[in-house]
Amino acid sequence: MKTSALNGNVRHRHRFLATMLGSIIVLIATVGYTASSHNISRPASKEFGQGPRVSLGRNYMATLEAAQPLRLRKMQTVRVRIEDVAGHPVDGAGITIDGGMPQHGHGLPTRPRVTRNLGGGIYEIEGVRFNMGGWWQFKLAISGPAGDDSVTFNLDL
Amino acid sequence: MRSKFTVSILASTLLLAVYDAFLHAEEWTDDQIRELSSMSLGELELPPDPTNKMSGDSAAAAFGQQLFFDERLSSNGRVSCASCHDPAQGFQDGQPLGTGVGQTARRTMPIAGAAYSPFLFWDGRKDSLWSQALGPLESPVEHGGTRAQYAQVVAQHYEAEYEQIFGALPDLTGVPRVAGPVDDPVARQAWNQLTENQRDSVTGVFVNIGKAIAAYERQILPGRSRFDDFVDTLVATGRAPIGVLSSDEIAGLKLFTGKANCTQCHNGPLFTNNDFHNTGVPPRLASSPDSGRLIGASDVLHDEFNCRSRWSDASPEQCVELEYLVADSPTLQGAFKVPSLRDVATRAPYMHAGQLATLPDVLVHYNQAPPAVIGNSELVPLGLTDTELRQVVAFLASLTDSSRHADATRPGRQAF
């Protein structure tokens, strides 16, 4: 009687553990599955805006200077100011542009390019378009005297 | 005594608060009004078309209108642009797939507002209205004819109109009736036997046919709807007008710009961002899914009549859409043009191959967000209730041109 009660307890505990383990596996699988683009959460609001923003490796400061407020649907030109950590303008840097909507899993709808280096650390980027409202990332890969680095702007359209 | 007094004061305050909430139930915030004002028809600005010098020419538009309805511009003499783009039906045909001399693989698109779009067709394989118009003329399942035939129709029937706009017609002596760079081997062989000068002469007339039709199509615009009346009053006075939209339509509008996420793509005065997205709509034939924009983006880069071609009136630096085009991203797989939602309630069936019969079917699709058969769908399930789905459908009917017949605004059978 006592033994069987004990056995029952052990069985119960095993079943409980199995259920817990199963739940954890299901949970991990679910999280793994849903951690796709759709469930990436927005950064805090202080992370949004046109800068100045420090690059990932802390080599440069970048500021977006749009001639007009960024608008939906329009092909537009955006200027970016690149400075070193001491605040001196960085000229002659190579800059490539990437980005997209992390929550939608797609990139920029166009392939913008730096078309002119205007001097004073200012570069002109042409071919910028945003086709949806919401959170966009606008990423610059910067190759300059202080090395290769990147900066990501979070923009709300 | 005092407690009774306090209770009655509290009750009155509560009543006042409820009454106030009722009165201002339709208050709109400044942000909401700003968003709605961006969707009013009055916000439309017709972009210039540097690829077509005649795009704003009224004589070209009148000539283009004649060509648009001319069935001689087809292999069997029975198909014109208007056969599928029927003006009585909002310049579309109400069929799942377009039918010319044969059957196409996609839904006929409406024309109103097409001049605002940088890329045409469901896959955006053309970058101007005139180059778009030339595509169906040479398609074996649409007009089915050849550019030599069309040049001769113009020479025979429209000499005066053509020469008034585009100058002297070229000499077409020796050009056979059937010749063109099309699939048909006989027509292709005849085309290859022409001299380069003859081919250029024929193509020049063919291009001008497209440019005249484009001038006509550029004038075809969506009409004002009850939604525009509602928004214009709201913007002017800060208050929603009474009796313009029903309470269901207003609730649907709030869902449209909010929980239902519709304005992420269907934004601006035409309710489209003019771009391409994969929304996981099941292909008509599961065995041969349509790649959509992935092919279309590559096609437009290499198109004989694109903005950079010698047939375009634009200088190369004006071809910014091609300059910054994304043509090789995997997200283009299974992506299709976001259509305008103006007059959408009059335009069943829906999607790029008419796969969904009614607007309620479309809303159920967006609400469920099934995975894509080809590429990756950008949709996420919306969690809308049946009432909310019905309200969005009700709102969509408020986008119908008010001058159209009331019968045309019925959103279709009720599914929820």
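Here's a quick briefing on chains A and B, with a look at their contact, the nonpolar cores and some strand pairing. Keep in mind that this is a predicted model. Chain B is mostly a story of helices, with 15 of them next to 2 strands. The largest nonpolar core has 91 residues, and it lies between two domains of chain B because both of them give residues to it.

**Chain B overall**

- Laid along the principal axes, the C-alpha atoms of chain B fill a box of roughly 110 × 45 × 40 Å.
- Chain B has 416 residues, and 46% of them count as buried.
- If you take the contacts in chain B with a separation of 6 or more, 73% come from residues 24 or more positions apart.

**The largest nonpolar core**

- Within this core of 91 residues, the ones that touch the most other members are F206(B), I209(B), A212(B), I213(B), V392(B) and L396(B).
- Helix α9 of chain B, residues 196-217, supplies the largest share of the core, at 10 residues.
- Domain 1 (27-44 + 223-287 + 337-409) and domain 2 (58-217) of chain B both contribute, so the core sits between them.
- What does I209(B) touch, leaving out residues up to four places away in sequence? Its partners are L67(B), Y150(B) and V154(B).

**A second core**

- Apart from the largest core there's another one, made of 23 residues.
- Members of this other core include V78(A), M101(A) and Y123(A) from chain A, along with C265(B) from chain B.

**Where the chains meet**

- How many residues does each chain bring to the contact? Chain B brings 18 residues and chain A brings 17 residues.
- On the chain B side, the residues that touch chain A break down into 6 nonpolar, 9 polar and 3 charged.

**Strand pairing in chain A**

- Strand β7 of chain A (residues 122-128) runs antiparallel to strand β3 of chain A (residues 76-84), and 5 bridges join them.
- Strand β6 of chain A (residues 113-119) also pairs with β7(A) in the antiparallel sense, over 5 bridges.
- E124(A) is worth a look: this β7(A) residue is the bridge partner of R79(A), and it is also the bridge partner of R116(A).
- β6(A) and β7(A) form a hairpin with 2 residues between the strands, where G120(A) takes a positive phi near 65 degrees.

Conventions:
Residues numbered from 1 in each chain as written. Chains lettered and ligands numbered in written order. Predicted model: local features only at pLDDT ≥ 70, side-chain atom pairs only at ≥ 80, totals over all residues. Contact = placed C-beta atoms within 7 Å. Nonpolar A, V, L, I, M, F, W, Y, C, P; charged D, E, K, R; others polar. Core = buried A, V, L, I, M, F, W, Y, C linked by C-beta atoms within 7 Å. Buried ≥ 20, exposed ≤ 12 C-beta atoms within 10 Å, placed from the backbone. Helix = DSSP H or I, 4+ residues; strand = E, 2+ residues; numbered from the N terminus. Domains from an automatic or database assignment. Pairing = 2+ DSSP bridges.
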